Amino acid sequence: MLTLTLSLFTSCAPKKEPVPQQDMDDSIILGFSQIGAESAWRTFNSHSVKKAAEDAGIQLLFENAEQKQAKQIKAIRSFIVYQVDVIAFVPIVADGWDNVLTEAKDAGIPVLVTDRKINTSDETLYAGFIGTDSIREGREAALFLQKKFSSSERDKPVRIVEISGTDGASCVIGRAEGFRDIIDDNPDFEIIYSSSGDFLKSKGYEIMLGILDEIDNIDVLYSHNDGMTLGAIEAMKERGIRPGKDIVIVTIDAEQAAIDALRKGEVNCVIECNPRTGPVIMDLARKLAEGETIPRLMHVQEEVFTEWDDLDAIEPRGY
């Protein structure tokens, strides 16, 4: 396997020579644009992609966009110049991809979208999506809360604060939409505050401190990722609040640190966002390189871990 960090050149790209069919697997070149390394989840996802490329014998041109859409677009254009066989990318936000994907289409390079979805005026600009089901993740969070508070005798709604991820990211939109699909129809729950923490632990900490300064009687924290949750837990402890007891916490990703917090009773529900997408991305890249059609929408399998489960049975997460 050859993993390359591609120089973002704009000209003089080498041309690939025709190869015999029997050597097709070895000749496939995949350009992959990752959004960054903002969390343990993201780091593991990148590792999954690199390891799967190595196992599949696919040459991988891997670019880290460092949370910048402009850098992702530049990377995709460099893949086009390089004439890779397939482009895959994790879009940091949902909008703003039509121009560069049109360039890829004009160059005859199929594009696979992964982890986060995009909005486009032309669905033919990409071949398919493989990733997590963010709407289902949000619905699972709400369903847990319905069960958690089903036996409580309250004369006021359950007061929920939400820390979401990067504004404009499809997973943020989906997790909010799925959550509200359940909560909005239930008068026993009320979302009293929502703010973006950009999927960063430091912002989760800062936002939670601000919430605790401004808002009393918080019953629930719904956090869109574990990094922000862990930051929020630090803030609660600083203010003498018992996470998981004084405030019920639901979080998404299922990093090892979140599972450990679940075992300690500091988190009540962890919803998995499966980062192990590398193998299926390589399988789809091979099919696209060989001219096959792939499904438009594919979701990876995910689990929900709660305080009521046998927590000793949860295997090490690896991230």
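Helix 10 covers residues 278-289, and its 12 residues reach 16 Å from the first C-alpha to the last. That is close to the 16 Å expected at 1.5 Å a residue, where the expected span is 1.5 Å times one less than the number of residues. Helices here are DSSP runs of H or I with at least four residues, strands are runs of E with at least two, and both are numbered from the N terminus. This is a predicted model, in which local features need pLDDT of at least 70 and side-chain atom pairs count only at pLDDT 80 or more, while totals for chains, interfaces and linings use all residues. Residues are numbered from 1 along each chain as its sequence is written, and side-chain values use heavy atoms, leaving out hydrogens and water.

Back to helix 10: its buried residues are Gly-278, Ile-281, Met-282, Leu-284, Ala-285, Arg-286 and Leu-288. (Buried means under 20% relative accessible area, exposed means over 50%, and partly exposed lies in between, with a 1.4 Å probe and protein chains only.) After the helix comes Gly-291, with a positive phi near 85 degrees.

Arg-286 turns up again in the surroundings of Ile-28. Ile-28 sits in the loop between helix 1 (24-27) and strand 2 (29-34), and with a relative accessible area of 0% it is buried. Setting aside neighbours within four places in sequence, Ile-28 is in contact (heavy atoms within 4.5 Å) with Ile-58, Gln-59, Asp-85, Arg-286 and Ala-289. Trp-41 is a different story: Ile-28 and Trp-41 are 13 residues apart in sequence, yet 27 Å apart in space, C-alpha to C-alpha.

Now for helix 3 (residues 69-82) and helix 4 (residues 98-106). Their axes come within 10 Å and cross at roughly 10 degrees; an axis is a line fitted to C-alpha atoms over the stretch in contact, and angles run from 0 to 180 degrees between N-to-C directions. So the two helices are roughly parallel to each other, a label for angles under 35 degrees (over 145 is roughly antiparallel, 65 to 115 roughly perpendicular and the rest oblique). Ile-73, Ile-76, Arg-77 and Ile-80 of helix 3 meet Val-100, Glu-103 and Ala-104 of helix 4.

Gln-72 is also in helix 3, and it is buried at 0% relative accessible area. Among the residues Gln-72 touches, not counting those up to four places away in sequence, are Ser-33, Phe-89, Pro-91 and Trp-97.

Two residues other than glycine have a positive phi:

| Residue | Phi | Loop | Relative accessible area |
|---|---|---|---|
| Gln-67 | near 65 degrees | between strand 3 (59-64) and helix 3 | 31%, partly exposed |
| Asn-217 | about 55 degrees | between helix 7 (201-214) and strand 9 (220-223) | 62%, exposed |

Helix 7, just mentioned, has 14 residues that should span 20 Å at 1.5 Å a residue, and its end C-alpha atoms are indeed 20 Å apart. Which of its residues are buried? They are Gly-204, Ile-207, Met-208, Leu-209, Ile-211 and Leu-212. Their cover includes strand 7 (158-164), strand 8 (189-196), strand 9 and helix 8 (226-238).

Finally, the overall layout: the domain assignment gives domain 1 (29-131 + 275-301) and domain 2 (134-273), with bounds from an automatic or database assignment. Their centres, taken over C-alpha atoms, are 30 Å apart, and 12 residues of domain 1 are in contact with 12 residues of domain 2.
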